[in-house]
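Biologist: Before we discuss the terms used for this model, could you put the sequence and the structure in front of us?

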Amino acid sequence: MPVRLREFRLEDLPEVMRIELSSFPSDAFDELTFVQLYESCGDLFLVAEHEGRIVGYSVTCVEWEGGELVGHVHSIAVDPAFRRQGVGRALMEETFRRLRSLGVGEVRLEVSVSNAAGLRFWQSLGFKPVGVRKRYYADGSDALVMRRELP
Ligand SMILES: CC(C)(COP(=O)(O)OP(=O)(O)OC[C@H]1O[C@@H](n2cnc3c(N)ncnc32)[C@H](O)[C@@H]1OP(=O)(O)O)[C@@H](O)C(=O)NCCC(=O)NCCS
């Protein structure tokens, strides 16, 4: 499905919240969290538009970890009506392109061990599990920490 990728703007917040609430029923980020991510992650907060409508977003920040610059994917969600059409992959491929141009060589993220679709999605993008964070989510589920290198 053709999508246009662009940077998040504050007026996108209601559409991003709509997608967020339909994607993470028990653990959605609130508006303030998105505004803080917008302020700290800059042009790595992306939205995907299809026919003028926002159908997905992803937000990644560059952080220092162990003396290295690491991309940390804070969240990604695609409108349930537009899943399995390459929107999530397109958002992440643009994110990887931007991270490479910043000299970032590694990406990390947390995903719930009970999120089968999310796990398959990250595996399909080359992420491998590197650890577990116990009771990381509001529903008490553990997070798998996953990483991949950006050659
Ligand atoms: C995870 C999510 C972002 C994927 O977005 P998407 O646009 O549907 O993903 P894509 O269409 O780009 O999928 C790319 C590949 O990931 C894998 N994949 C994605 N969803 C999958 C699913 N439900 N089951 C199995 N594999 C899946 C497939 O290999 C897919 O390629 P294919 O369709 O050619 O087989 C979406 O399911 C979502 O918003 N989920 C709710 C929020 C969430 O869990 N976010 C991740 C939390 S870390």
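Modeller: This is a predicted model, and a good place to begin is strand E4, which gives the most to the lining of the largest pocket, namely seven residues.

Biologist: What makes a residue part of the lining of that pocket, and which residues are the closest to its centre?

Modeller: A lining residue has an atom within 4 Å of a point of the pocket. The largest pocket has 39 such residues, and those closest to its centre are Phe24, Ile76, Asn115, Ala117 and Gly118. The space in this pocket comes to about 1200 Å³.

Biologist: Which elements give two or more residues to the lining, and how do its residues divide by class?

Modeller: Helix H1 (13-23), strand E4 (68-78), helix H3 (87-101), strand E5 (106-112) and helix H4 (116-124) each give two or more. By class, the lining holds 17 nonpolar, 14 polar and eight charged residues.

Biologist: Why is H1 called oblique to H2?

Modeller: H1 packs against helix H2 (residues 31-41) at an angle of about 120°, and their axes are 11 Å apart. Roughly perpendicular covers 65 to 115 degrees and roughly antiparallel begins over 145, so an angle of about 120° falls in neither class. The pair is therefore oblique.

Biologist: Is the crossing of H1 and H2 left-handed or right-handed, and which residues make the contact?

Modeller: The crossing of H1 and H2 is right-handed. From H1 the contact takes Leu13, Val16, Met17 and Glu20, while H2 brings Glu31, Phe34 and Val35. In this contact of H1 with H2, five residues are nonpolar, none is polar and two are charged.

Biologist: What makes H3 oblique to H4?

Modeller: The axes of H3 and H4 cross at roughly 45° and come within 11 Å. Roughly parallel requires an angle under 35 degrees and roughly perpendicular starts at 65, so roughly 45° fits neither, and H3 is oblique to H4. The crossing in which H3 passes H4 is right-handed. Gly88, Arg89 and Met92 of H3 meet Phe121, Trp122 and Ser124 of H4 in this contact, which divides into three nonpolar, two polar and one charged residues.

Biologist: How do you know that alanine 90 touches Val3 and Leu5?

Modeller: Contact means heavy atoms within 4.5 Å, and alanine 90 touches Val3 and Leu5 when residues up to four places away in sequence are not counted. Alanine 90 lies in helix H3. Between alanine 90 and leucine 109 there are 17 Å in space, C-alpha to C-alpha, and the two are 19 residues apart in sequence.

Methods:
Residues numbered from 1 in each chain as written. Predicted model: local features only at pLDDT ≥ 70, side-chain atom pairs only at ≥ 80, totals over all residues. Heavy atoms only, no water. 1 Å grid on protein atoms, 1.4 Å probe; cavity = no way out; pocket = protein on both sides within 12 Å on 5 of 7 lines; lining within 4 Å. Points joined across faces, edges and corners; volume = space filled by probe spheres on them. Helix = DSSP H or I, 4+ residues; strand = E, 2+ residues; numbered from the N terminus. Nonpolar A, V, L, I, M, F, W, Y, C, P; charged D, E, K, R; others polar. Axes fitted to C-alpha atoms, helices over the stretch in contact; angles between N-to-C directions. Left-handed = near helix turned anticlockwise from the far one by under 90°.
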